[in-house]
Amino acid sequence: MFLPDGSESVLRILAHSSRLITLLVVGVGIALARAGLLGARYSKLQSKGMELQLSGKLLDAERCFRAALALGKKVPESDRVRLLVCLGDVLIDEERYQEARQCIEQALEIGDFSGSAQGSLCDILLALKASPDKAIEMAEEAMQRMTSAFDTLPFGSRWVALCKVLYEVKTWARKAQAMFLLDRQEEASQAIDHALSIVDASKSEQQLAQPETSQQGRLILGVRLLRLRELAIADVYWRLGLSLLAMGDKVKAIEQFRIVRDTDQHMGKFRMFAEKKLSSLS
């Protein structure tokens, strides 16, 4: 199968990505699928499902992921892991946490070395207010795996550096919420303050750093390349907002949800979620 220059490496990243990396490269998969360059049916369903999920069409996205998984032995094991994580993540978005946990734990049982399933399991445990010690363990393991995973991104060293900073913020926010559940209030406060200080220090870089690619890559992706930046930043502020809200800091949580709303300018799922939170908190 012929692919444009550099596309095979992008597809490998998509197949073994974490949740945040998936946000960064989903446009590549969608573009290639639309161009007819992703031949396998499960790959097309996965790309379509991610596009629907990021657009806020969660039930339609869920149907795509389930249809892909229903192909059974036609799906290689490594791709089945990715589909299970995708399904788990959309179930998290739908707040169906027990079902999501089943998917994510199945992915971990098969073997996920990307950090994706670990991060998703952490988010599920935090939402359920269950096993905060395990949540911290999963947050730290996800961060460790992500450190090397980000280095495989084909979007330029400056963008990769920002992605690492943003994921560090996300990790501290997760850990802060887990510490809060463990009644380790002082540590939780220090952790969330550290997360906020890191993200504040990176704000100028958030504006300046852009995912880079070849001229051919820009022709394939078009405006989706700018969309990748929005998604990556909105995802981190969304996690910050959730953690702050769970820790009882409504004022700061509202600040983060407003940033999410204003960052996701294409009316995607993050803007939809943020508007819902802001409406309920007003």
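These are legends for a set of close-up views of a predicted model.

**View 1. The whole chain, before zooming in.** Start with the overall make-up: the protein chain has 15 helices and zero strands. Of its 282 residues, 55% count as buried. As for who touches whom, take the contacts between residues at least 6 apart in sequence: 66% of them join residues at least 24 apart.

**View 2. Helix H7, mostly covered.** H7 runs over residues 116–128, and eleven of its 13 residues are buried. The buried set opens with the run Ser116, Ala117, Gln118, Gly119, Ser120 and Leu121, then carries on through Cys122, Asp123, Ile124, Leu125 and Leu126. A quick sanity check on the geometry: at 1.5 Å a residue the helix should span 18 Å, and its end C-alpha atoms sit 19 Å apart, which agrees. Just after H7 comes Lys129, with a positive phi near 55°.

**View 3. H7 against H6.** H6 covers residues 97–110, and its axis lies 10 Å from that of H7, with an angle of about 150° between the two. Angles over 145 degrees count as roughly antiparallel, so that is the label for H6 and H7. The crossing of H6 past H7 is left-handed. On the H6 side, look for Tyr97, Gln98, Ala100, Arg101, Ile104, Glu105, Ala107 and Leu108; these meet Ala117, Gln118, Ser120, Leu121, Ile124, Leu125, Ala127 and Leu128 of H7. Sorted by class, the residues of this contact are eleven nonpolar, three polar and two charged.

**View 4. H7 against H8.** Now swap partners: H8 spans residues 132–150, and its axis comes within 8 Å of the H7 axis, crossing at roughly 155°. H7 and H8 are therefore roughly antiparallel too, and their crossing is left-handed. H7 brings Gln118, Gly119, Leu121, Cys122, Leu125 and Leu126 to the contact, while H8 brings Lys134, Ala135, Met138, Ala139, Glu141, Ala142 and Arg145. That gives eight nonpolar, two polar and three charged residues.

**View 5. Zoom on Cys122.** Cys122 is part of H7. Its relative accessibility is 0%, so Cys122 counts as buried. Leave out residues up to four places away in sequence, and what Cys122 touches is Ala135, Met138, Ala139 and Arg174. Ala135 is worth picking out here: it is 13 residues from Cys122 along the chain, yet their C-alpha atoms are separated by 4.5 Å.

**View 6. Arg239, a buried arginine.** Arg239 lies in helix H13, residues 224–246. Buried means under 20% relative accessible area, and Arg239 comes in at 7%, which is why the label applies. Neighbours within four places in sequence aside, the contacts of Arg239 are Asp123, Leu126, Lys170, Ala173, Arg174 and Gln177. Two of those names link back to earlier views: Asp123 and Leu126 are among the buried residues of H7. Arg174 also turns up in the list for Cys122.

**View 7. Helix H14, end to end.** H14 takes in residues 250–263; at 1.5 Å a residue, its 14 residues should span 20 Å, and the end C-alpha atoms are 20 Å apart, which agrees. Which residues of H14 are buried? They are Ala253, Ile254, Gln256, Phe257, Val260 and Thr263.

Technical notes. Residues are numbered from 1 along each chain as its sequence is written. This is a predicted model: local features need pLDDT of at least 70, side-chain atom pairs count only at pLDDT 80 or more; totals for chains, interfaces and linings use all residues. Side-chain values use heavy atoms; hydrogens and water are left out. Axes are lines fitted to C-alpha atoms, for helices over the stretch in contact, and angles run from 0 to 180 degrees between N-to-C directions. Helices (H or I, at least four residues) and strands (E, at least two) are DSSP runs, numbered from the N terminus. Angles under 35 degrees count as roughly parallel, over 145 as roughly antiparallel, 65 to 115 as roughly perpendicular and the rest as oblique. A crossing is left-handed if the near helix is turned anticlockwise from the far one by less than a right angle, and right-handed if clockwise. Contact means heavy atoms within 4.5 Å. Ala, Val, Leu, Ile, Met, Phe, Trp, Tyr, Cys and Pro count as nonpolar, Asp, Glu, Lys and Arg as charged, and the others, Gly among them, as polar. The expected span of a helix is 1.5 Å times one less than its number of residues. Buried means under 20% relative accessible area, exposed over 50%, partly exposed in between (1.4 Å probe, protein chains only).
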